[in-house]
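Let's take a walk through this model together, one part at a time. Have the viewer open and follow along.

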Protein chains: 2
Amino acid sequence: MEYNFQQLATLYKNTLLNDVLPFWEKYSCDREQGGYFTCLDREGKVYDTDKFIWLQNRQIWTFSMLYNQLENEKQENWLEIARNGANFLAKHGRDGEGNWYFALNHNGEPLIQPYNIFSDCFAAMAFSKYALASGEEWAKDVAISAYNNVLRRQENPKGKYTKAYPGTRPMKSLAVPMILANLTLEMEWLLTAETLESVLDATVKEVMGDFYDRDRGLMFENVTPDGSHLDCFDGRLINPGHGIEAMWFIMDIASRSNDTKTINQAVDVVLNILDFAWDKEFGGLYYFMDADGHPPQQLEWDQKLWWVHLETLVALAIAYRLTKRDICWEWYKKVHDYAWNHFADAECGEWFGYLNRRGEVLLNLKGGKWKGCFHVPRAMYLCWQQFEGL
Amino acid sequence: MEYNFQQLATLYKNTLLNDVLPFWEKYSCDREQGGYFTCLDREGKVYDTDKFIWLQNRQIWTFSMLYNQLENEKQENWLEIARNGANFLAKHGRDGEGNWYFALNHNGEPLIQPYNIFSDCFAAMAFSKYALASGEEWAKDVAISAYNNVLRRQENPKGKYTKAYPGTRPMKSLAVPMILANLTLEMEWLLTAETLESVLDATVKEVMGDFYDRDRGLMFENVTPDGSHLDCFDGRLINPGHGIEAMWFIMDIASRSNDTKTINQAVDVVLNILDFAWDKEFGGLYYFMDADGHPPQQLEWDQKLWWVHLETLVALAIAYRLTKRDICWEWYKKVHDYAWNHFADAECGEWFGYLNRRGEVLLNLKGGKWKGCFHVPRAMYLCWQQFEGL
C-alpha cells in the first residue's frame, strides 16, 4: 500500500471509533452484575464469565481515557461503560487490606488472591482516569490508595506468594520499573511534582541502566539487583514486545524534557530488538527468546501476539515522530503490513490475539484471560495521534 | 512397517539399552557436585546447570528401577549413577521441615521453595527404588518420610502458595489421586498391606468416580470436591496425555485383582480420549483442550509433546495385552508410527520433546526444566515388557 500520514491517521481513527470500541460496547458489558465480560469469541459471544482484574481495570481505563482525550468524538455512553466497571470493582475488587484481587467470579466474589502488584497498577491507572472523566472524588481516593500499594510493595511484588528462596539468586524484573514509569505518568494530575519527577527519574535510570545491555543492545527481563546478568532461564530471557513497549514509555518520559539523548537511546534499543526478534522466515516478532540462543522455557516462544505488534507500531510511530529517522519509518511499514494483514479481522471486527509462527490464527478469540479492551484501542489511539502530529 | 510383537519388544529394548540410557549416562552426570544436568541440547551439551527436583528424583528412579528389574541386562554403573543423585539430593533437596524444594542451583543451594507436593512424590518414588537397589537403610527412611509428606499435604497440595480464594470455587485436581495411585504402587514393598490396599482403593474410586465423565467418556483435570463440573477455564480443561497416563495406572492397579470391569472401563476412556484429542489434520495428540470447544488458556495447546505420545503407547500396549481388543492394536500402530517418525532422533539419540502442531521440532533439546531421564526410558521399558508378554 501507499503510506501517507493522513491516511494512516484516518485508518487508526476509524478503526478505533467504528470497529474496536463498538465491539466492546456491544458485547462486553455485564449490565446485570456490573463489570465486563472479556472472554469473547470471534463474533463477540461470551464463552466464560470470570472477571480478571487486570482486564476489568484496563477497560475502565480505556473508556475513561478516551472520554477525557477525545473532545470531539467522545460519546456519553463511554462514561457509562466506565462507571459500570468502576462501581463493580470499587465494591468487589479489593481484599480487607485494600489489595486488589487477581480474579472475581461473575457475581464479584473473589476467586484468586492478590498475588502480585499488577492488579493494583491497573487499578490505579483505571481509577485515575475514571476520576478525571467522572469528577467523582471517591475515585481519586481509590486511585491514590492503589498507587500507594504499588509503591509500598514494589520491592517484593509477589509478597508471601514468592516462590524464590531468599538470597540464593537475587533477581529483579523489568516489569516493575516499566509499569511504574507508565503508571506514574498516568497519575500525574494526582501526584505532587516532586513525587512525579523523582519516580520518573528513578525508573528511567533503572530501566536504561540495569536492564539494558549496551553490548548486545537488548533489554533483559530479569537481572541481579545491581544490573548484572544471570546465566539461567529467567536471566537469559528476552521478551521483545515487553522491551519495545518499555522503550516507548521511556521516549514518552524523555520527550517531556526534550532529553534527546535518552530518546535516541530508546529508539536504538527498539531497532536492536527488532533486528534480534523479527522472524526472517515467516515475518512477525517472536514472543520469547533466549539471549544466548538456548531453548527458552516458554513453549509459546515462537507465537505472534497482538500486543507485541501493536506496541511495536506505537513505539515506531513515536520514534519516527520524535527523531524522523528513516529506519524507523522503514520498520514501521514492515510491521504495519504484517500486523494489519494478520491480526485485523475485517469480517467480525477487533483483532485476533494469538497466531502461530506462520501467522495462522491459533486461538479464535477476541478476548480471554489476558486479552481485553486495552492494547488494541490504546495503540489505535496513540498511532492516530502520532500520525496526526506528523 | 510390519508389526510383530517380538520385533517391537526388540526395538524398545535396544532403544532403551543402546540409545536412551547411554545418552543420559554420558551427558547428564555432574561428577563434581553430584546430581544431574538435565538441560541438554540436541547433542547432549549442557546449556543450563540448575537442578530441578522433579527431574533429579526421576533420574534416580529410572536408573534404580532398571537396576532392580533387569537382572540380565543391568550394569553396575547404573547404581553408581543413581547413588550420585541420591547422595546429592539427600544432602540438599529438603528444607528444615523435610519438604522437598522445587529447584536447586548447580551447587545444591535452594532456588525455589517447596511450593507443591509433587517434588515429594518423585522423591518418594526415587528413594524407594534406590533403597531397593542399594540396600541402604537410610534411603528407606527418606522414601517413607517423603511419602508421608504427600499423604499429609494431599488435601492442600500447594499449602501457603495457594492462590485460590478459599470457598468461592472449591476444586480438586486429577494430578493428586493419579500420582498417589502410581506412587503407592511404587512404595509397595515399604507399606503395610492395609495402607497399600486402602490408598489404591480410594484413588481408583476417586479417579473413576469423580474425574471421569461417563456421558462424554472423558477424564477432566479439575472438578468440584464431589465430582461435579465447573464452567470455567480450569473446569473445562482436558489434558489428553494426563488422562491416558492415569488410565494405565488404573489398569495396572485393577490387573492386580483381575478386575476386568475396571480394566475395560479404563481402556474405554483411553479410546474416547484418543478420538477426542487426535489431530485429524496433522496427526498426533493435542496437549490441552477445552471440553466444550472454547479457546483453552494454554497457548501451547496444539503442540505435540513426547510424554503424551509415550504414555499413550504404554497405555495402548497394556490395554492390548490385558484385553486383546483389536481397536487397541489399531490405535497402537497409528500412535507408534506418529511417535517414532516424529520424536525419535536417529542422528543424536534420545527423543525430541516438543513439536509444533505440524510435527516439526519446536525446541531443539533433549532435556530441560521438565524433560529429563524419565518418560522415554520408562515407556521403552514398559512397552518392551508388554510386547515380550505378548
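How many Å separate the centres of domain 1 of chain A and domain 2 of chain A, taken over C-alpha atoms? The answer is 22 Å. Keep in mind that what you're looking at is a predicted model.

To find those two domains on your screen, start with the sequence numbering. Domain 1 of chain A is made of two stretches, 1-28 and 171-389. Domain 2 of chain A covers 31-163.

Now look at where the two domains meet. On the domain 1 side of chain A, 44 residues are in contact with 48 residues of domain 2. The size of an interface is often given as the accessible area lost when the parts come together. For this pair of domains in chain A, the buried area is about 4,000 Å², and carbon and sulfur atoms give 69% of that. There's some charge pairing here too: 4 salt bridges are counted between domain 1 and domain 2 of chain A. If you'd like a salt bridge to zoom in on, try K129(A) and E186(A), whose side chains meet at 3.0 Å, N to O.

Next, zoom out to both chains. Two copies of a chain are related by a rotation about an axis and a shift along it. Here, chain A lands on chain B after a rotation of 180° with 0.0 Å of shift along the axis, and the RMSD is 0.0 Å. That is the relation of a two-fold axis. The same surface serves both copies, too: 100% of the contact residues of chain A recur in chain B.

Finally, what about empty space inside? The count comes to 3 cavities of 30 Å³ or more. The largest cavity holds about 80 Å³ of space. It is lined by 13 residues, and the closest to its centre are Y354(A), L365(A), K369(A), W370(A) and Q297(B). So that list has names from chain A and from chain B. By class, the lining of the largest cavity splits into 9 nonpolar, 2 polar and 2 charged residues.

The second largest cavity has about 40 Å³ of space. Around it you'll find F233(A), L237(A), M289(A), D290(A), P296(A), Q297(A) and Q298(A). That lining breaks down into 4 nonpolar, 2 polar and 1 charged residues. Glutamine 297 is worth a click in both chains: Q297(A) lines the second largest cavity, while Q297(B) is among the residues closest to the centre of the largest cavity.

Key:
Residues numbered from 1 in each chain as written. Chains lettered and ligands numbered in written order. Predicted model: local features only at pLDDT ≥ 70, side-chain atom pairs only at ≥ 80, totals over all residues. Heavy atoms only, no water. Least-squares fit on C-alpha atoms with pLDDT ≥ 70 in both. Contact = heavy atoms within 4.5 Å. 1 Å grid on protein atoms, 1.4 Å probe; cavity = no way out; pocket = protein on both sides within 12 Å on 5 of 7 lines; lining within 4 Å. Points joined across faces, edges and corners; volume = space filled by probe spheres on them. Nonpolar A, V, L, I, M, F, W, Y, C, P; charged D, E, K, R; others polar. Domains from an automatic or database assignment. Buried area = accessible area lost by both parts, 1.4 Å probe.
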